[in-house]
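Look at the fold first, then at its surface. The paragraphs below go from a surface patch to two loop residues.

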Amino acid sequence: MLLFIPAYNCEKQLPRVLDKITQTIAEYFDEIIIINNRSTDRTESVALKYPSKEYLPLIHVLRNDVNYGLGGSHKVAFEYALSHKHDYIVVLHGDDQGDINDLQAVLESQEYQKHDCMLGARFMPDSRLKGYSRFRTLGNRVYNHLFSFVTHQPILDLGSGLNLYKVSSLKSHFYDKFPDHLTFNYYMILASHYYHQDISFFPISWRSEDQKSNVKLMSQALEVLHLLAKYKFNPNFIKSEHRSNPIDHYSYEVLQNGHK
């Protein structure tokens, strides 16, 4: 199992994310990759200098050759997981809004082995939100209902910062033409429906404190509505090219950081 931490301008939050990886959780992972998406602050330096802990697995820091966006970083990580023959990949955002320990019950029960992906959900009954506005909560719930209506299955979150994927479900590279920006996860949700993948959700805790959001609410909301309408009337639309600047190869550099 591979733990993938996308990181962009989160020098303050990244150490907290790593500090939360307990020995109990660490035992499930064979490797951790932190992908620096060309941060303009000290994120990369903080990742490289993070003090080694004996119980942590092998840690690699990767630097994208250009800023590919969050979706592009996912593509780098998915290809890394495939090429290194991992069975599962966990996505944990480096901004410390989610908590890796919310995954423990899923791992202990081995529930993840029954599904192609298990997605963290901020709006389930057992989920816990801190510092998240009522307006954004309401907006997310409305969009969850819209996606549920179109896909005819319960969609409880369109994209949190804690998700788990079975690597074998990614072999076809169905996601290659998805946008490289923040809407990547919305396309992944629709693709799970289109390709008849088994998708499940689990409750997570979520907090907004000193994080800087990259989401432009109104423009993204309209873009997602447009996406959903297109998929509703033409599901094959999901197989089209959705990138404004298609990239043949998402290249990166593996940095040495001295961790075991």
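Val 142 is partly exposed, at 40% relative accessibility (partly exposed lies between buried, under 20% relative accessible area, and exposed, over 50%; 1.4 Å probe, protein chains only). Val 142 sits in helix H6 (helices are DSSP runs of H or I with at least four residues, strands are runs of E with at least two, and both are numbered from the N terminus). This is a predicted model, where local features need pLDDT of at least 70, side-chain atom pairs count only at pLDDT 80 or more, and totals for chains, interfaces and linings use all residues. Residues are numbered from 1 along each chain as its sequence is written, and side-chain values use heavy atoms, with hydrogens and water left out.

Val 142 joins Leu 138, Leu 146, Leu 222 and Leu 225 in a nonpolar surface patch of about 430 Å². H6 and helix H8 (217-233) each give two or more residues to this patch. H6 gives the most, with three residues. Patch residues have over 30% relative accessible area and no salt bridge; like charges are joined within 9 Å, and nonpolar side chains (Val, Leu, Ile, Met, Phe, Trp, Tyr) within 5 Å. A salt bridge puts a side-chain nitrogen of Lys or Arg within 4 Å of a carboxyl oxygen of Asp or Glu. Accessible areas come from the Shrake-Rupley method with a 1.4 Å probe; for residues, only the protein chains shown count as cover.

Now the loops. Asp 96 is not a glycine, yet its phi is positive, about 65 degrees. Asp 96 lies between strand S4 (88-92) and helix H5 (104-109). Is Asp 96 buried or exposed? Asp 96 counts as buried because its relative accessibility is 0%.

His 152 also has a positive phi, near 60 degrees, and is a residue other than glycine. His 152 is in the loop between helix H6 (134-151) and strand S7 (162-166). His 152 is exposed, with a relative accessible area of 64%.
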